[in-house]
Amino acid sequence: MKKILVLLTASLVLSTGLRADDSFFTSGFEDSESEDFGFGDSAFGDSAFGDENTAAVEVNGGVTTSVRAFASEDARDDMADREAGLDQMETSIAANLSFTYEGSDFKVVTDVDITPEMTGSERDSVVTVNEAYGQYFGEKMNFEAGYMKVVWGKADEFHVVDVLNSVNLSEFLIPDYMEMIDPELMLKVNVPLGMSGMLELAYVPTLTPYSYAEAGIWQPLNTKVELPATLQAIASQTAAAIYAQTGAVVTPSITALAGSDINTFDYGQGAMHYTSTAGGLDYGFTYYYGYNKLPSFNYAFDGVDTINYWFEYDPMQTFGVEAACILAEFNLKGEFACNLTEDFDGNKTDVHNNSIKWVAGFDRDIPVSNLNINIQEAGTLTLNSNEIGLGDIEYDEDKEYTENLLIFAVSDKYLHEKLEAELITFYHFEDSDYGIYPSIEYSPVDDFTLGMAARFFGGDEDTLFGQYDENDFVEFTVSYNF
């Protein structure tokens, strides 16, 4: 089950310079070097108002209402049973508001979600900040600071060189990458180099780890099973060692200790991203010096009767490369990353091993209707796996230290592009488990959308997708935007 966390995070770090409304099937190469870094005409500059000092506020937003019906066999059997533990229906409503204020040499962006909640008889709302940052446009560079989502990499909705933001898997794998990553407080400088080059320098002052559901139906199985079993094994081994040495019978108690405070400058991170174009090839390089966003498990015996355990986040460097080009009408794209920890020999039980990760694939428009197909393969290889033994945080009882995931996506548009259907399928090679995500959206008029989406999971109960086999659902949404 250890491999579930590995694949869910480092491998599932899920575009080609995504905007918030991009789909899985974005074609072309709208990567970071093609974004507006503030060196061109302002969106609210003199071309619109006749005065370069004029500033304006753009307000956008929307409201989405959804009804989710669980479709597993257990959910169907529990219908009309108020004593059943699994809720068959979930309803939610969320509002989004975004404000963009842009002057001649600066811009301020705020984007928030407002989600009403009901707790007993009390009504409340949760405000989630998606982004809140300012950007200054200088003559030779621009400067950004605030709460941001920054996507690095050429692949579609799936990245291994995107190192700045943390991934939120509180509802497992969401097909929209921008929805799945958490914003991060950071400082960022963008410097154009040459005709097409762009150098991005980023500093993240504190560490935000990957997050998972800590309870409920989306809690990963290994967080329910593996840690208690590991602690019990450690206690048994410790008791046996004490008995062998002293003859004393001891049942060690287990105490959780707090790890280091990661919300401090001690856990600051720095990163560099350079992208450019040459001869039809879009390419880029990434370097990151910071910390592994996956925790390491540490424990110690106090020499008497207590085993203390805690979690730490170990230093890590990432070297990444990305590339994209068009060949025979195929949009080829790929990313490769090497993650280096302090466990170069692979024999430190409380530190993650070095690893390499990759994602590669293509998308292509098919001359039938508006059909587009997108195929990618993502993988992870843990290095020095021959040094991994029982008690190592990387240990896998099946001795499988590779992970490979195939992502196949197909989409089409009808009725003058008012109706869009898409299907995303994930297949996990090592365990033969899978996820199937169909969806359809109909927009009869601008800014109004009716949608239906579903998620179906299959495989053994201790696999990446199979652990959520009872969470199959169909969801209906109504969205208004302005």
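Let me start with K188, which lies in strand 7, residues 184-193, where strands are DSSP runs of E with at least two residues and helices runs of H or I with at least four, both numbered from the N terminus. K188 is buried, with a relative accessible area of 3%; buried means under 20%, exposed over 50% and partly exposed in between, using a 1.4 Å probe and protein chains only. I should say that this is a predicted model, in which local features need pLDDT of at least 70 and side-chain atom pairs count only at pLDDT 80 or more, while totals for chains, interfaces and linings use all residues. Residues are numbered from 1 along each chain as its sequence is written, and side-chain values use heavy atoms, with hydrogens and water left out.

Turning to charged pairs, the structure holds nine salt bridges, each a side-chain nitrogen of Lys or Arg within 4 Å of a carboxyl oxygen of Asp or Glu. Which residues are linked with R68 in a network of these bridges? They are E171, R455 and E475. R68 meets E171 at 2.9 Å, N to O, and the closest N and O atoms of R68 and E475 are 3.1 Å apart. E475 lies in strand 23 and R68 in strand 1, so this pair ties together parts that are 407 residues apart in sequence. Both E475 and R68 are buried, whereas E171 is partly exposed, at 23% relative accessible area.

Another salt bridge joins K333 and D363, with closest N and O atoms 2.5 Å apart; K333 sits in strand 16 and D363 in strand 17. Here K333 is buried at 4%, and D363 is buried at 0%.
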